[in-house]
Each structure stands twice: as structure tokens, then as C-alpha cells.
Amino acid sequence: MSDIPRYITTSQLEVIRSVLSEGGYSDEVWATSPPNSEAQALIRLVQDGMGDPIDLARELEARFGSENQRSPALRRSLDQLADHGMRVAHGLDSQTSIGANE
């Protein structure tokens with residue numbers, strides 16, 4: 001790994017803050033030094049090339065969980081699958097059917 005610092009842009013920081021806020025986490029990325037672990041993880045992902053807010057939200061939820069069982073990231077993912085007419089088995093429910101053909 002290189003010792004050269006990698007920076008993020010203001011627009012990337014806004015995406016990170018939005019994903020943190022929607023996931024139920026503090027969006028005050030620089031309120032503490034160093035940034036909280038959730039923000040650090042997202043910053044690393046952005047620096048490694050991940051920029052899609054949905055992908056970042058999924059990673060946040062996978063690594064740190066969610067404040068509620070149906071977080072915004074999960075709802076967006078389920079909505080995307082529903083747009084394709086797929087059925088989803090959610091871990092907390094019995095099979096949940098989603099889709100336009102119901």
C-alpha cells in the first residue's frame with residue numbers, strides 16, 4: 001500500500017454523509033478525530049472506487065447493521081428487485097413476495 005494520501009471530493013463526502021444519515025448513523029464525519037468507524041469504512045470504499053450510494057448503503061448495513069430492521073438501504077434493494085418482478089425471502093419474515101404481478 002502506498003504512503004501517498006488519497007483524497008475524496010466534496011461531492012463524494014456528501015454521498016458518504018447521505019448514506020450515513022439514511023442508515024441511521026451520524027453524518028458528522030469530521031466531528032471526531034479520526035472519523036467514526038462507519039465513516040472511515042465508507043471513505044475507504046469510495047477511495048477504492050465504489051461510488052454508488054446504494055452499494056455504499058449495502059456495505060454499511062452489512063458491516064455495521066441498521067438501526068431498524070427495514071433500513072432505507074434494504075428498502076431500496078427490495079424495491080429494485082421488485083422492479084424486476086423478483087420474490088425475496090427476508091431473514092426476519094417468511095417469504096415476502098414483492099413484484100408488480102401480484
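## Exercises on helix packing in a predicted model

From the N terminus on, the elements of the chain run α-α-α-α-β-β. The model is predicted.

**Exercise 1. State how many helices and strands the chain has, and what share of its residues count as buried.**

Solution. Step 1: the DSSP runs give four helices and two strands. Step 2: the chain has 102 residues, and 29% of them count as buried. Step 3: the chain exposes about 6700 Å², of which carbon and sulfur atoms supply 50%. Step 4: take the contacts between residues at least 6 apart in sequence; 31% of these join residues at least 24 apart.

**Exercise 2. Describe the packing of α1 against α2 by angle, handedness and contacting residues.**

Solution. Step 1: two packed helices are described by the angle between their axes and the distance between the axes. Step 2: helix α1 covers residues 10-22 and helix α2 residues 37-47; their axes come within 10 Å and cross at roughly 135°. Step 3: an angle over 145 degrees would count as roughly antiparallel, and 65 to 115 as roughly perpendicular. The crossing angle falls in neither class, and α1 and α2 are therefore oblique to each other. Step 4: the crossing in which α1 passes α2 is right-handed. Step 5: on the α1 side the contact is made by Q12, I16, V19 and L20, and on the α2 side by E38, A39, L42, I43 and V46. Step 6: sorted by class, this contact has seven nonpolar, one polar and one charged residues.

**Exercise 3. Do the same for α1 and α3.**

Solution. Step 1: the axes of α1 and α3 are 10 Å apart, and the helices pack at an angle of about 50°. Step 2: angles under 35 degrees count as roughly parallel and 65 to 115 as roughly perpendicular; the α1 and α3 angle lies outside both ranges, which makes α1 oblique to α3. Step 3: the crossing of these two helices is right-handed. Step 4: V15, V19 and L20 of α1 touch P53, L56, A57 and L60 of α3. Step 5: by class, the contact of α1 with α3 has seven nonpolar, no polar and no charged residues.

**Exercise 4. List the buried residues of α2 and name elements that cover them.**

Solution. Step 1: with buried set at under 20% relative accessible area, the buried residues of α2 are E38, A39, A41, L42, I43, L45 and V46. Step 2: their cover includes α1 and α3, the latter spanning residues 53-64. Step 3: past the end of the helix, G49 comes just after α2 and takes a positive phi of about 110°.

**Exercise 5. Classify F64 and R44 as buried, partly exposed or exposed, and place each in the chain.**

Solution. Step 1: F64 is found in helix α3, and R44 is in helix α2. Step 2: partly exposed runs between the 20% and 50% cut-offs. F64 has a relative accessible area of 33% and so is partly exposed. R44, at 42%, is therefore partly exposed too. Step 3: leaving aside neighbours within four places in sequence, F64 is in contact with Y25, S37, E38 and A41. Step 4: for one of these partners, S37, the separation from F64 is 27 residues along the chain and 9.2 Å between C-alpha atoms. Step 5: R44 and I8 are 36 residues apart in sequence, with a C-alpha to C-alpha distance of 9.6 Å.

Methods. Residues are numbered from 1 along each chain as its sequence is written. This is a predicted model: local features need pLDDT of at least 70, side-chain atom pairs count only at pLDDT 80 or more; totals for chains, interfaces and linings use all residues. Side-chain values use heavy atoms; hydrogens and water are left out. Axes are lines fitted to C-alpha atoms, for helices over the stretch in contact, and angles run from 0 to 180 degrees between N-to-C directions. A crossing is left-handed if the near helix is turned anticlockwise from the far one by less than a right angle, and right-handed if clockwise. Contact means heavy atoms within 4.5 Å. Ala, Val, Leu, Ile, Met, Phe, Trp, Tyr, Cys and Pro count as nonpolar, Asp, Glu, Lys and Arg as charged, and the others, Gly among them, as polar. Buried means under 20% relative accessible area, exposed over 50%, partly exposed in between (1.4 Å probe, protein chains only). Accessible areas come from the Shrake-Rupley method with a 1.4 Å probe; for residues, only the protein chains shown count as cover.
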